[in-house]
Amino acid sequence: MREYSDKKNRQAKAYYSDRFYLSPQVPKEKVDTDNIFLKDIKSLESLFVIKEAYIQKGQLVVYISAKDNLKVMKFLKNKLKYNFLSDISAVDWLAKSGEFEIFYQMLSTSKRKRMRVKFFIKEKEEIKSVTSIYKSADWAEREMYDMFGVRITGHHFMKRILMPDDWHDHPLRKTYPLIGDEEAQWYEIDKIFGREYRDVIGPEERDCAKIVEKDTHRFARIKHEVPFGTKYSSEETQTEYQEEGGIPIVRKLKKSDVKILKERP
Amino acid sequence: MQKVNRLQPFFENLVFEREDNHMIVNFGPQHPSSHGQLRLILELDGELVTKAVPDIGYLHRGMEKMAENMIYNEFLPTTDRMDYIAPTSNNYGFSLAVEKLIGLDVPRRAKVIRMMLLELSRITSHLFWIATHALDVGAMTVFLYAFREREYAMDLFEDYCGARLTHSAIRIGGVPLDLPKDWINSLIKFINKMPAALATYEGLLDQNRIWKMRLENVGVISPEMAQSWGCSGPMLRGSGIAWDIRKEEPYELYDEVEFDVPVTNRCDCYGRYKIYMQEMRESLKILKQLIPMHKETTPEIMADAPKYISAPKEQIMTQNYSLMQHFVLITQGMRPPVGEVYVVTESPKGELGFYINSQGDPYPYRLKVRTPSFWHTSIFQDLLPGQYLADVVTIIGNANIVFGEIDR
C-alpha cells in the first residue's frame, strides 16, 4: 500500500511536536506608541477600511481590504511619502482558509519608517497590479504569480519569471510536492523526446551517490581504477599511468626545486 | 513559415511588433559579460537599443521552498549560495532576521567580529566588481590587480573560517569562533596594503580616456527612476539619494563607528564607480576602528539563550542538561515565536531583506528573500532602451548583479 501523504500540505513536517507546548508570540504593540505611525494610520482610516493595525518589531502592519489595494498604494506614495516599495509577496494559507495573504513591504526614506500593507484574497480572486504607481512591482508581481498563481490584472507583461513558460503548477504552494509533480519530473523528456519516451528513458535517478560498477564511461570503479571506457571484467585491470607520447606525470617531487613561502605575501 | 524581414526568436512567445528593419538579438544566457545567466532580448535599430526584455530564471534553485523545509540552522549554509561574491552578508542577513524574531541579544565580541567580516566581504565584493567591470569594459590590467588584493582578503576569511567562498562564518546567535591568533596582525597588514592598491586602480581608471568615454553619461538613472524601481545600495546613492541602512537604521555597532556615506549626483556609471571606490575606503576606516574594539570585549561569542542556541561546547561536554538541550536543538531545531519579521541589512549590493513568517514550528512557514540584484535587473527594461549595444555591457557590469541572488 502506498504511504499516506497529506495532499494539502506536502511540506516536511517536524517529526516530533509536543502537544502541550505553547509557542510564545512576537509581541504586537498598539499603533499609538509611535507618533508618526499614528498619524499615518489616522489619515488612512479616514479614507479606507482598516481591518487591523499594529506595530511589530518597529514596523507598522496594516490590514486593508483587497479591493482598495491600488488606491491605498497611491495614497501611501503621494500623501504619506512612502517612496519605496521594497517587496511584494504572498503567504499560502490555502489549506487553512483557502486564502492567500498578500503583503506589500514599504519604506519611507524621509520618515525613516517601514510598514507592511497586507490583505487576504481567495484562491482565484484577482487583484489589481500596482505597477502604475511603483515600477518595482513589475517583477515582484510576476514572481508572485509564478510562485503562487496569484491572479493579477492590469500588468503589462504578466508572464512567468523564474520557471519556464509552460511549467505546470506553482512551486511555492504548500500543495506542491518537494521533488516536483509528475509534469516536473518528466519535463525535459516530454519536451525533448516526447511523452512516449518516458518508458524508454525511465525515471530519473535521484540517488546522487549511486555507483554503477559496470559503467566505465562514467565511473572509474571503486575497487581498482580502470581507464575510460574499458570493457567490464571482474578481474583487476593493469593500468599504465604514463601514456605513450603523453605529458609526463610527475611521480616524485623534488623538494629542492620547490620554493616554500615562510608566510603569506 | 517566417515572413521576409520578420525575424522572431522561434522558441519564445514574445511579440515584437514591427514592420521595419529592426533586429532582435539574444544577449546571453551564455555570454561572458552577462554576469551569470542573464538572457537579454534586445530589439536593435542599427546599434541603438529600442526594446529590452531581461529574462531570468536559469539559476533558479527554489531556495525559498528549501527554507520552508529545513530547520533554521540548516538553511544558513544555503544562504551562502545566494550572493556568492559576498556570502557573509547573506549569512548575516538571515541570522539577524532570526535573532530579531526570537529577540536575541548578541554578545559584543560577536558583534565586532561580525562587523569585521561584513566589511571585509564588502571589500571583496567591491574588488570583484571593479575587476569584472573593468574587464568587461576592456581594461584587463585592473582585473589582475584587483584579484590579487581580493586574494589577500580571501586568505583572511580562510584563516578565520576555513572557507574561501562559502563561508557560513556567522551563526544564529553569534559567531562560531573567536579570531585566530595573529589574525588581527594580518588584517592590519591588509588594511595598510589596500590604500595603495586603490590608488593604483584609480590611477589606471580615473583619467583613463577609454574608461571615461565608456562610463560617463552612460546608464543615467534619475532619482525618481531609482525610487520607483526600488534601487538600493550604490545604485541608489549614485542617483543622489543618501540612504545607507548602516547609517539610517543602524544594526550591530554601526552607530558607534565613524564612517561617511559617499553620494553623488552624477547618476551615471562613472559616478557609481566613484562610489564603489570610496565605499572600500570607508570599509577600511570601519575595520581600523574595530581592531581596538575587539580587545576591549569579553570573550563570549554566542548568545546565552538555552531555548534557541546551543550552549558552549565546554558546557555541553560537562553538564547533562546542556547536552540534552543541544541534542534537541540539533535534531529538532529551534522553535521561534509565532509572528513575522522583515529585517534589512546593507549588503554590498544594496538592501538585503529577509521576511520570515514563523508559526512556532522548527521550519519557517514562509521565508522571502528580498535580494537587491533582482530589483536592479528589473530596471534594465527601462534603462537600456535608447542606449547603444556597446553600452549594454557597461550597464550590466555596473549594476553589480549576481545571479545566485536574482534567481535564488
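## Chain contact and two helix pairs

In this predicted model, 35 residues of chain A are in contact with 43 residues of chain B. On the side of chain A that touches chain B, the elements giving two or more residues are β4 (84-93) and α4 (137-148) of chain A. β4(A) provides the largest share, 6 residues. By class, the residues on this side of chain A divide into 16 nonpolar, 11 polar and 8 charged.

Within chain B, two pairs of helices are described below.

| Helix pair | Axes come within | Crossing angle |
|---|---|---|
| α6 (residues 183-205) and α11 (residues 269-296) of chain B | 11 Å | roughly 160° |
| α4 (residues 108-137) and α16 (residues 389-398) of chain B | 9 Å | roughly 180° |

The axes of α6(B) and α11(B) cross at roughly 160°, which makes α6(B) roughly antiparallel to α11(B), since angles over 145 degrees count as such. Their crossing is left-handed. From α6(B), the residues I184(B), L187(B), I188(B), I191(B), M194(B), L198(B) and E202(B) meet M277(B), M280(B), R281(B), L284(B), L287(B), K288(B) and I291(B) of α11(B). The residues of this contact comprise 11 nonpolar, no polar and 3 charged.

For the other pair, the axes of α4(B) and α16(B) cross at roughly 180°, and therefore α4(B) is roughly antiparallel to α16(B). Here T132(B), H133(B), D136(B) and V137(B) in α4(B) meet V393(B), T394(B), G397(B) and N398(B) in α16(B). The contact of α4(B) with α16(B) has 2 nonpolar, 5 polar and 1 charged residues.

Notes. Residues are numbered from 1 along each chain as its sequence is written. Chains are lettered from A and ligands numbered from 1 in the order in which they are written. This is a predicted model: local features need pLDDT of at least 70, side-chain atom pairs count only at pLDDT 80 or more; totals for chains, interfaces and linings use all residues. Axes are lines fitted to C-alpha atoms, for helices over the stretch in contact, and angles run from 0 to 180 degrees between N-to-C directions. Helices (H or I, at least four residues) and strands (E, at least two) are DSSP runs, numbered from the N terminus. Angles under 35 degrees count as roughly parallel, over 145 as roughly antiparallel, 65 to 115 as roughly perpendicular and the rest as oblique. A crossing is left-handed if the near helix is turned anticlockwise from the far one by less than a right angle, and right-handed if clockwise. Two residues are in contact if their C-beta atoms, placed from the backbone, lie within 7 Å. Ala, Val, Leu, Ile, Met, Phe, Trp, Tyr, Cys and Pro count as nonpolar, Asp, Glu, Lys and Arg as charged, and the others, Gly among them, as polar.
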